[in-house]
Amino acid sequence: MRFIYFLIIMFISACGQNKVDRIKKQSHPSHKYTYVDIPLHRLKYNQTDYLPVYSDIYHRDGARRFMLATTISIRNTSLTDSAYIFKATYHDSYGAVLAEYIDSTLLLIPLESIEFVVHEDEQAGGAGANFIIRWGATKNANQLLIQSVMIGTYGQQGISFITDAKAIENNLVH
């Protein structure tokens, strides 16, 4: 009887660990992030970008949802300058914050890319979901390329598409 209890406890523990690993992987793929503490007065430029993402889209009669996995890609296109990501927040169709993907300033060295993932099972975002990305740089005001790639499959049906970020606030400090 003790052996059966032991097996049940091991099974439950293993399931719990897999869930933790899945959550970690869905928000932070296998990339090592570098966090820094940089004084804001050292930055000459900062910007806030709006990135449309879709956790699902409607299909057929408009009442059915086609669930999508989303990869957010942030790429530093500068050959020489670093960029700093201050915030990456995921919002639902009504503007409510669903998740914060970083909790301190993230360094992107020249040509470095990072990704965040919204799992296909996430249903709260909706067709109007979005990310707000706040970032800064010491020289170049146009060095980040921010995109989202959505993909979903159901049976023999597959769909994929991308969206680009739009600057909604920017500040050039002289």
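**A lone salt bridge, a nonpolar core and its strands**

Lys-139 has a relative accessibility of 63%, so this residue counts as exposed. That is the picture in the predicted model discussed here. Its salt-bridge partner is Asp-81, with nitrogen and oxygen of the two side chains 3.8 Å apart. The two residues come from distant parts of the chain: Lys-139 belongs to the loop between S10 and S11, Asp-81 to the loop between S5 and S6, and 58 residues separate them. Asp-81 has a relative accessibility of just 11%, which is under the 20% cut-off, so it counts as buried. The pair thus puts together an exposed lysine and a buried aspartate. As for the tally, the count of salt bridges comes to 1.

Asp-81 also turns up in the surroundings of Asn-76, a residue of strand S5. Asn-76 counts as buried because its relative accessibility is 2%. What does a polar side chain do in such a spot? A polar atom of the Asn-76 side chain sits 2.9 Å from the backbone oxygen of Asp-81. The backbone oxygen of Ile-109 is likewise within reach of a polar atom of this side chain, at 3.2 Å. Beyond the residues up to four places away in sequence, the contacts of Asn-76 include Ser-82, Ala-83, Leu-108, Pro-110, Leu-111 and Glu-112, along with Gln-143 and Leu-144.

Asp-49, in strand S2, is another matter. Asp-49 is buried but takes part in no salt bridge, and the nearest side chain of opposite charge, that of Lys-166, is 10.0 Å away. Lys-166 is nevertheless one of the residues in contact with Asp-49. What the side chain of Asp-49 does reach is the backbone nitrogen of Ala-167, at 3.4 Å. The contacts of Asp-49, with neighbours within four places in sequence left aside, run from Phe-131, Ile-132, Ile-133 and Trp-135 through Ile-146 to Ala-165, Lys-166, Ala-167 and Ile-168.

Ile-132, one of those contacts, is found in strand S10. Its relative accessibility is 11%, so Ile-132 counts as buried. Besides Asp-49, Ile-132 is in contact with Thr-48, Tyr-50, Lys-87, Ala-88, Thr-89, His-91 and Ile-168, again leaving aside residues within four places in sequence. Ala-167 lies 35 residues from Ile-132 along the chain, and the C-alpha atoms of the two are 9.8 Å apart.

Then there is the nonpolar interior. The largest nonpolar core brings together 28 residues, and Ile-74, Ile-85, Phe-116, Phe-131 and Trp-135 have the most contacts inside it. At least two residues of this core come from each of S2 (45-52), S5 (69-76), S6 (83-91), S8 (106-108), S9 (113-118), S10 (130-137) and S11. Phe-131 gives a feel for the packing: not counting residues up to four places away in sequence, it touches Asp-49, Tyr-50, Leu-51 and Val-53, then Ile-72, then Ala-88, Thr-89 and Tyr-90, and finally Tyr-101 and Val-118.

How enclosed is S6? Of its 9 residues, 7 are buried, so the rest of the structure largely encloses this strand. S6 pairs with S10 in the antiparallel sense over 8 bridges, and here Ile-85 stands opposite Trp-135. Both of these residues are among those with the most contacts inside the core. S6 is also antiparallel to S8, with 3 bridges in that pairing; Tyr-84 has Leu-107 in S8 as its bridge partner. A further 3 bridges tie S6 to strand S7 (residues 97-100), once more antiparallel, and Thr-89 faces Glu-100 across that pairing. S6 and S7 make a hairpin with 5 residues between the strands, in which Gly-95 has a positive phi near 95°.

A second hairpin is made by S11 and S12, with 2 residues between the strands, and there the glycine with a positive phi is Gly-155 in the turn, at about 60°. These strands, S11 spanning residues 144-154 and S12 residues 157-164, run antiparallel and are joined by 8 bridges. Within the pairing, Gly-152 is matched with Ile-159 in S12. S11 is also one of the strands that supply at least two residues of the core.

Definitions and conventions. Residues are numbered from 1 along each chain as its sequence is written. This is a predicted model: local features need pLDDT of at least 70, side-chain atom pairs count only at pLDDT 80 or more; totals for chains, interfaces and linings use all residues. Side-chain values use heavy atoms; hydrogens and water are left out. Two strands pair if DSSP finds at least two bridges between them. Helices (H or I, at least four residues) and strands (E, at least two) are DSSP runs, numbered from the N terminus. A nonpolar core is a set of buried Ala, Val, Leu, Ile, Met, Phe, Trp, Tyr and Cys residues joined through side-chain atoms within 4.5 Å. Buried means under 20% relative accessible area, exposed over 50%, partly exposed in between (1.4 Å probe, protein chains only). Contact means heavy atoms within 4.5 Å. A salt bridge is a side-chain nitrogen of Lys or Arg within 4 Å of a carboxyl oxygen of Asp or Glu. Lys and Arg count as positive and Asp and Glu as negative; His and the chain ends are not counted. A polar contact is a pair of N or O atoms within 3.5 Å; within protein, one must be able to donate a hydrogen and the other to accept it, and residues adjacent in sequence count only if both atoms are side-chain atoms.
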